[in-house]
Amino acid sequence: MQHYDTIIIGAGHNGLICATYLAKKGQRVLLLEASETLGGLAATREFHPGFKAAVAHTVSHFSAKVARDLNLTAHGFDSPMVPMPTVGLNAAGEHVVLTGIGVDAEIIGVSAEDAASYRQYRQLLQRFVELLEPFWLKTMPRVGDTRWSSLLTFAQLGLKMRLLGKQDMGEFMRLAMLPARDLMDENFDSELLKAVLSWDGLIGSKMAPRSPNASVLTLLYRMSGELGGAHAIPSGGIESLVQALYSAATASGVEVKIGARVGRILIQGNSDGLKTTGVELADGEQINAARVVSSTDPQRTFLELVGVENLEIEFTNRIRRLRCDGYVAKLHLALDGLPNFTGLAKPDGRMIIAVDMDAIEFAFDDAKYGGYSQQPVMEIVVPSLRHESLAPEGKHVLSAHVMYVPYKLKGGWTEDARAALCQRVIDTVAVYAPQIKAQILHSELLTPQDLEQTHQVTGGHWHHGELSVDQMLMMRPTYEAAQYSTPIPGLYLCGAGSHPGGGLMGGPGHNAARKILE
Ligand SMILES: Cc1cc2nc3c(=O)[nH]c(=O)nc-3n(C[C@H](O)[C@H](O)[C@H](O)COP(=O)(O)OP(=O)(O)OC[C@H]3O[C@@H](n4cnc5c(N)ncnc54)[C@H](O)[C@@H]3O)c2cc1C
């Protein structure tokens, strides 16, 4: 049996990042990936002959520190990236367009009052983004931990809040858990602008504009980093990020095996308690390691790979209760040419279809009760405009995140149900791009249940588990496993289900490696 210092389960971006940090410090690291492709939800795959797409279609807050530490530019990732405009689509072509980065972003298509409010709103939020930014790359203190390092983290947060000044500190505490709708109503008149600005606080979650919880925190999380909340497609596509991470990993000595599904994490018990000793692959091969790090979602890690027989009942219950049903479906269209959106010279931006916040709320209401909306809301990009090799010359790919699509559909996700939703989504896109139907060569719609199957993510959830106050920070995924170590010695977590959460950000992979190297 071979022996490694660390085995990492899953070669999504977090698994790759964690593996590279460990290998750079001299560890012998084996990275095992179940599928035949690297990148997890960010993997680029062919969905129609000659046409490719990735489930995650833009990058908005990938950690600049991770990019620097792993020297990703030298491995082909163009950081910092050129941001793309965000466009709130209007059927008559009277769009709201946001361009630029952070507080310097410009806004077109709203009144002078809204434009002025936007500048103030953006400056206020930027101060909160800067307050929180260092904490996304920190290990959160364990609940009840009174060690100096933990107290220091709390003290740092307290000090940073105090330095905001009395007024901003009060505003931060008031806004942090405010429903997105209240935040928008307080600041703007344009219904389209409100829908567009609330979007990044909501996408990927089971929250709508009226939901109290963490939509403002999620918004601040997504606004961290060099792009200040703008989105980009790297010049070599999402593929170039994954390739750069793979190249950095192998250059650091990480051994990567694809098509290597872990069936079980090996756990030995004796009078001293339990200990992780390695993994068993689905084909029965056993591989030993001093530690195992899982980037798969927490439910899959504990309930499937560890097994409840190795866990305490209370912990098992908390893992079972994690909320991780996804609410985003993915549409990929292979197009015969560039789609023409009314009023746009070129669809070279992140286009949002949500006329107002009620449209988002009503789409959520349908999903809450197990249906999907007849008026779905969505975010669209044409990634082949930025990454030409995604489609044959002259042809294009349209990629859309569609909300809210329930993981469990009333009556089940039959072929008919999937086809009906796909048609509904295409009909909705056609309101804004009237000639598009004639350009469609092939369509693919992946529901959260499909994403669970194709990408091995429980519930098909964007963040591997809801990013909500009860599942955030020192509670992510649960308070016994929020510091990347778990109740089983030698077993760690490094995926999106850990702090700070999902999105192509790299925080969990970075933080887990630091914890292991402590
Ligand atoms: C529909 C949708 C759209 C999204 N769009 C965006 C976007 O545009 N921008 C953005 O920033 N984020 C987006 N996200 C979120 C982002 O893609 C994820 O949060 C992120 O990719 C998670 O990365 P990860 O490395 O933690 O996990 P994953 O990418 O899920 O990787 C985990 C890996 O583990 C592997 N694995 C699972 N089980 C096993 C096993 N038993 N043995 C071996 N390997 C195993 C899986 O195959 C997978 O490769 C989207 C998510 C969804 C669902």
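## Pockets, ligand surroundings and selected residues

The second largest pocket has a volume of about 400 Å³. Its lining is made up of 19 residues, and those closest to the pocket centre are L132, L157, F172, L217 and L473. Three elements give two or more residues to this lining: helix 3 (112-136), helix 4 (148-163) and helix 5 (166-175). Helix 4 gives the most, with four residues. By class, the lining of this pocket has 18 nonpolar residues, one polar residue and no charged residues. The structure described here is a predicted model.

Enclosed space comes next. The count of cavities of 30 Å³ or more is four. The largest cavity holds about 280 Å³ of space. Around the largest cavity are 20 lining residues, and L98, Y118, L197, G229 and A230 lie nearest its centre. At least two lining residues each come from strand 6 (96-99), helix 3 and helix 7 (191-202). The lining of the largest cavity divides into 11 nonpolar, six polar and three charged residues.

Helix 3 therefore appears in two places, if the definition of lining residues as those with an atom within 4 Å of a point is applied: in the lining of the second largest pocket and in that of the largest cavity.

Which residues are closest to the ligand? They are E33, T58, Q456, W462 and L504, out of 35 residues that surround the ligand. The table gives three short distances between ligand atoms and protein atoms.

| Ligand atom | Protein partner | Distance |
|---|---|---|
| Oxygen | N or O atom in the side chain of H13 | 3.2 Å |
| Nitrogen | Polar backbone atom of T58 | 2.7 Å |
| Oxygen | Backbone N or O atom of L504 | 2.7 Å |

W462, one of the closest residues to the ligand, is also in contact with H401. H401 has its place in strand 15 (residues 396-403). Is H401 buried or exposed? H401 is buried, because its relative accessible area is 4%, and the cut-off for buried is under 20%. The side chain of H401 makes a polar contact with the side chain of H57, at 3.1 Å. Apart from neighbours within four places in sequence, the contacts of H401 are V55, H57, W199, I203, V328, A329, K330, V377, M378, E379 and W462.

I360 is found in helix 12 (residues 357-368). With a relative accessible area of 0%, I360 is buried. Beyond its neighbours within four places in sequence, I360 is in contact with A195, S198, W199, L202, P209, A354, V377 and Y404. W199 and V377 are thus among the contacts of I360 and also among those of H401. The C-alpha atom of I360 is separated by 33 Å from that of A11, a residue 349 places away along the chain.

Helix 8 (residues 215-222) is mostly covered, with eight of its eight residues buried. The buried residues are S215, V216, L217, T218, L219, L220, Y221 and R222. What covers them includes helix 3, helix 5, helix 6 (180-187) and helix 7. L217 of helix 8 is also among the residues closest to the centre of the second largest pocket.

The remaining points concern backbone geometry. Most residues other than glycine have a negative phi, and most peptide bonds are trans. Two residues here have a positive phi without being glycine: H464, with phi near 65°, and L473, with phi near 50°. H464 is found in the loop between helix 15 and strand 17, and L473 is found in that loop as well. How does their exposure compare with the cut-offs? H464 counts as buried because its relative accessibility is 13%, whereas L473, at 31%, counts as partly exposed. L473 is also one of the residues closest to the centre of the second largest pocket.

The peptide bond from R476 to P477 is cis, with omega near -10°. P477 lies in the loop between helix 15 (448-455) and strand 17 (491-493). Another cis peptide bond joins H499 and P500, and its omega is about 5°. P500 is found in the loop between strand 17 and helix 16 (507-517).

Note on methods
Residues numbered from 1 in each chain as written. Predicted model: local features only at pLDDT ≥ 70, side-chain atom pairs only at ≥ 80, totals over all residues. Heavy atoms only, no water. Buried < 20%, exposed > 50% of the residue type's maximum accessible area, 1.4 Å probe, protein only. Contact = heavy atoms within 4.5 Å. 1 Å grid on protein atoms, 1.4 Å probe; cavity = no way out; pocket = protein on both sides within 12 Å on 5 of 7 lines; lining within 4 Å. Points joined across faces, edges and corners; volume = space filled by probe spheres on them. Nonpolar A, V, L, I, M, F, W, Y, C, P; charged D, E, K, R; others polar. Near = heavy atom within 4 Å. Polar contact = N/O pair within 3.5 Å; in protein donor to acceptor, adjacent residues only side chain to side chain.
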